[in-house]
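Here is a short report on the strands of one protein model. Please keep the sequence and the structure in view while reading.

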Amino acid sequence: MKRIVSILLCAVLLLSLAACGASAPADADDNAPASALELLETVWNSYSEDEKFPAAGGDYSEENMRDGAPGNFSMDDADLLDSSLGFPAAEAGKIDGAASLVHMMNLNTFTAGAFQLKDSKNADKFAKAMKESIENRRWVCGFPDKFVIIKVNGYVVSAFGAEDLIDTFKSKTLKAYQDAKVYCEENIE
């Protein structure tokens with residue numbers, strides 16, 4: 001009798017171990033975007049029609065420019081990334097992709113850039129460099145009210161502009177990506 005009970009217990013143990021091994025742990029990156037463009041599109045598509053504003057995206061090239069939606073931003077010209085998105089040109093070697101979304105009236109009204117990092121371990125250093133770049137900009141045509149930098153699954157997203165537009169963008173980004181974290185959020189003086 002003991003032998004039968006022992007065999008049954010072993011069988012139950014083996015079945016429970018097999019069941020545990022068959023279920024994969026939930027991956028925190030299931031919600032990770034495939035590209036910087038996808039990240040901004042997901043956020044922009046979560047806006048209601050009333051929340052949207054006249055926008056464009058991309059880097060002014062025929063290939064990447066999009067009306068009313070985010071667009072890819074070429075990494076071939078670090079100075080253009082800097083002047084358009086507040087990107088620290090010295091950090092160009094640390095990204096694999098970039099995308100943008102800007103207000104059509106004025107870059108200081110709203111500008112967002114998403115940057116896909118080659119190594120997500122560099123997110124804090126890259127976010128710090130973004131913050132310093134935005135803080136040290138010489139603004140033309142007035143100052144934006146506020147900026148925010150958000151880390152999202154191997155991406156760094158920056159946005160500066162009118163306070164209400166930045167607040168909406170931040171809340172939409174945090175809602176769209178459960179792993180998104182605000183690195184910094186400051187008023188521009």
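The sections below cover confidence, then strands 7, 6, 5 and 4.

## Confidence

This is a predicted model. The protein has a mean pLDDT of 84. A pLDDT of 70 or more is reached by 84% of its residues. Residues 4-29 fall below 50. In the model, that stretch makes 4 contacts beyond near neighbours in sequence.

## Strand 7

Strand 7 spans residues 155-161. Here, 7 of the 7 residues are buried, so the strand is largely enclosed by the rest of the structure.

In a regular strand, side chains alternate between the two faces of the sheet. In strand 7, Tyr155, Val157, Ala159 and Gly161 point one way. Val156, Ser158 and Phe160 point the other way. Residues of both sets are buried.

## Partners of strand 7

Strand 6 covers residues 146-152 and runs antiparallel to strand 7, with 7 bridges between them. Ile150 has Val157 of strand 7 as its bridge partner. The two strands form a hairpin, with 2 residues between them. In the turn, Asn153 has a positive phi of about 40°.

Strand 5, residues 110-117, also pairs with strand 7. The sense is antiparallel, over 7 bridges. Thr111 is the bridge partner of Phe160 in strand 7. Phe115 is bridged to Val156 of strand 7.

## Strands 4 and 5

How much of strand 5 is buried? The count is 7 of the 8 residues, so this strand is largely enclosed by the rest of the structure.

Strand 4, residues 95-103, runs antiparallel to strand 5, and 7 bridges join them. A hairpin of 6 residues links strand 4 to strand 5. Ala98 stands opposite Phe115 of strand 5. Phe115 also has a bridge partner in strand 7, namely Val156.

## Leu101

Leu101 lies in strand 4. Is Leu101 buried or exposed? Its relative accessible area is 2%. The cut-off for buried is under 20%, so Leu101 counts as buried.

Which residues does Leu101 touch, leaving aside those up to four places away in sequence? Phe110, Thr111 and Ala112 are among them. Others on the list are Leu40, Trp44, Ala55, Ala56, Gly57, Ala69 and Pro70. Gly57 is 44 residues from Leu101 in sequence. In space, their C-alpha atoms are 4.3 Å apart.

Technical notes. Residues are numbered from 1 along each chain as its sequence is written. This is a predicted model: local features need pLDDT of at least 70, side-chain atom pairs count only at pLDDT 80 or more; totals for chains, interfaces and linings use all residues. Side-chain values use heavy atoms; hydrogens and water are left out. pLDDT is the predictor's confidence in each residue, from 0 to 100. Contact means heavy atoms within 4.5 Å. Buried means under 20% relative accessible area, exposed over 50%, partly exposed in between (1.4 Å probe, protein chains only). Helices (H or I, at least four residues) and strands (E, at least two) are DSSP runs, numbered from the N terminus. Two strands pair if DSSP finds at least two bridges between them.
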